[in-house]
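Visitor: I should like a close look at a single part of this model, namely the places where metal is bound. Please set that part in the context of the surrounding chain.

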Amino acid sequence: MRWRTLVIIVGAVAAVVVLVVAASFAYPYVRGTEYVNEGVALEHPLAIPPLLEPAIVNGEKVFSLTAKSGRTELMPGAASETAGYNGTLLGPTIRAHRGERVRVEVNNELGETTTVHWHGMHLPAIMDGGPHQPIPPGNTWSPHWTVNNAAATLWYHPHTMGKTAEQVYSGLAGMFIVDDENSDALGLPNIYGVDDIPLIVQDRNFDDTGNLTYVRDKAQDNFGAMGDTILVNGTHGPYLDVPKQLIRLRVLNASNARRYDFGFSDGRPFRQIATDGGLLEAPVERTRMLLSPGERAEIIVDMSQTDQPVTLMSHEIQGAAPMMHLMRTLSVGDNDEYQIFKILELRPQGTAATPGELPARLNTIAPLRAEDAARTRLFAMTDRMSINAKPMDHARIDEVVTKDDIEIWEIDNREALFYHPFHIHDVQFQILDRDGRPPSDYERGWKDTVVVNPLEKVRVIARFSDYADPHTPYMYHCHILEHEDMGMMGQFVVVEHPSDETSVVSPLDGTTGTDHGHGH
Ligand code: C2O
Ligand code: CU
Ligand code: CU
């Protein structure tokens, strides 16, 4: 009888669905968390990227970066193939003050095309270092601009069409610290490498012989490349001697895809003082801090009363989607968000200082108001290869923004399993709300990258000031680098007047003969 067959089919399908759902929810509880590097001793002194000394030419700070490949002993006894700026891994820290004119001579000795993007920097699109400013092998690109950002921990990394993930993974990334009059006057720990510490956190994979490996396949692209070995500033198993006082950590998640939930081994509270784009209005006391790829945060940890080493940890991600975890585990192995890692051991040295005081007020942040927005744009994320169902096309302008407008960008993650850290070039934005709820106090600061959780809607607001160029797009994209490379990226131009003609003029199409980065 036909109805009987139907009942059996419907019943079977329902049973399978119930089983899969039940299994996926039960799985993490059955399996529990995994303390991945429990057996790794933190015994290598943390490398501190050197501060890059500029030359002063005609009142301009001129920095020089040379991207090249080489070999680096990341694991004892194995020299991995890596790449770096002015070295074989990562790059020096660039430091500049708001109001200063800077120029960076970027030499490409990699043997393949690259770009250098100034993540978080507010600057003309032609200087941004996105896909439209490729540097062919053997060439030099010399972007220059006046630093117009507030004091913040920014960074630089390649943004080469389709190659960003691989180039960053190979070691190309560095920090860019901006100071301003406000940060100068606050009395925060600011001795670079002593009590003001850059931490570039990355996860990597190594083969049995200790060589760095990067696998690019469908599964890796979907989930983003994750590794089970943590490097901080390129150092495996790092420790750092610190004075017994307040210590400032500038934490940059420069990983391709992994999120970290940072906290200390003894559960001690710390104070977050800055988000991606600058200082918070007031320190926020926390014991855990989630950072997704591309995000930065500055924290202060009080070591003044500490005699024993304390370890910065990354804990399992709270609220990680069990179904995603199950899928990830099935398709790419164990590299998931239920893992726990040691990150860095802080070893207090010397005599105790009196506990340092933090200013109660760090910054003034004028809130951008929704009612002042000229418009709201919607960015729907439905897969890992597109935004608004359009995969990245370097010749297509997706959005045209009028200069000086305040806009709301509503980022709507329609995926049930994947989170996406959404990044916008050119601006620092404020988070208006997450699913209608106002942001937590530690998110009430300037941001350029915001994690958008599965099925979450995040509204951000920004003012697009100063720089208009109808022919050179800025990017917005997911900062899981494999997603970006697969096409989860779009382009906007900022125009002087809404009626301005726009079109992409780019060396990628051979549509420009002029070498924009040079001269003037
Ligand atoms: Cu950090 Cu468009 O990138
Ligand atoms: Cu950027
Ligand atoms: Cu993504």
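Guide:
**From the surface to the copper sites**

A nonpolar patch on the surface is formed by I9, V13 and V17, which together have about 260 Å² of accessible area. Of these residues, I9 belongs to helix α1, which covers residues 2-31. The model under discussion is a predicted one, and every value below should be read in that light.

The metal sites come next. The copper ion (ligand 2) is coordinated at 1.9 Å by two histidine nitrogens, NE2 of H117 and NE2 of H423. These two donors bring together distant parts of the chain: H117 is in strand β8 (residues 117-119), H423 is in strand β29 (residues 420-424), and 306 residues separate them. With a relative accessible area of 1%, H117 is buried. H423 likewise counts as buried, since its relative accessibility is 0% and the cut-off for that class is under 20%.

The copper ion (ligand 3) has donors of two elements, with ND1 of H420, SG of C478 and ND1 of H483 coordinating the ion at 2.0 to 2.1 Å. Along the sequence, the donor residues of this ion follow the spacing H-x57-C-x4-H. Both C478 and H483 are buried. Strand β29, which spans residues 420-424 and holds H423, therefore also includes the position of H420, a donor to ligand 3, because a strand is a continuous DSSP run.

A record helps to place these sites. In an unreviewed entry, UniProt puts the feature "domain: Plastocyanin-like" at residues 73-182 and 381-496. In the model, residues 73-182 are 7% helix and 40% strand, with the end C-alpha atoms 40 Å apart. Residues 381-496 are 5% helix and 40% strand, and there the end C-alpha atoms lie 29 Å apart.

Charged contacts complete the picture of the surrounding chain. Side chains of opposite charge can pair when their charged atoms come close. Over the whole structure, a search finds 37 salt bridges. One of them joins R101 and E60, with N and O 3.8 Å apart. Because R101 lies in strand β7 (residues 101-109) and E60 in strand β4 (residues 60-75), this pair ties together parts of the chain 41 residues apart in sequence. The partners differ in exposure class: R101 is partly exposed, at 37% relative accessibility, whereas E60 is buried, at 10%.

A further salt bridge joins the side chains of R377 and E399, at 2.9 Å from N to O. It links strand β26 (residues 375-381), where R377 is found, to strand β27 (residues 399-402), where E399 is found, and the two residues are 22 apart. Both R377 and E399 are buried.

E410 and K457 also form a salt bridge, their closest N and O atoms being 3.9 Å apart. Since E410 lies in strand β28 (residues 406-413) and K457 in strand β32 (residues 457-463), the contact ties together parts 47 residues apart in sequence. E410 is buried, with a relative accessible area of 17%, while K457 counts as partly exposed at 36%. Salt bridges also occur as a network, one that links D276, E295, R296, K447 and D448.

Technical notes: Residues numbered from 1 in each chain as written. Chains lettered and ligands numbered in written order. Predicted model: local features only at pLDDT ≥ 70, side-chain atom pairs only at ≥ 80, totals over all residues. Heavy atoms only, no water. Patch = residues over 30% accessible without salt bridge, like charges linked within 9 Å, V, L, I, M, F, W, Y side chains within 5 Å. Areas by Shrake-Rupley, 256 points an atom, 1.4 Å probe, with all protein chains shown as cover. Salt bridge = Lys/Arg side-chain N within 4 Å of Asp/Glu carboxyl O. Helix = DSSP H or I, 4+ residues; strand = E, 2+ residues; numbered from the N terminus. Donors = N, O, S within 2.8 Å, 3.2 Å for Na, K, Ca; no water. Buried < 20%, exposed > 50% of the residue type's maximum accessible area, 1.4 Å probe, protein only. UniProt positions renumbered as here; feature names shortened; annotations may be inferred.
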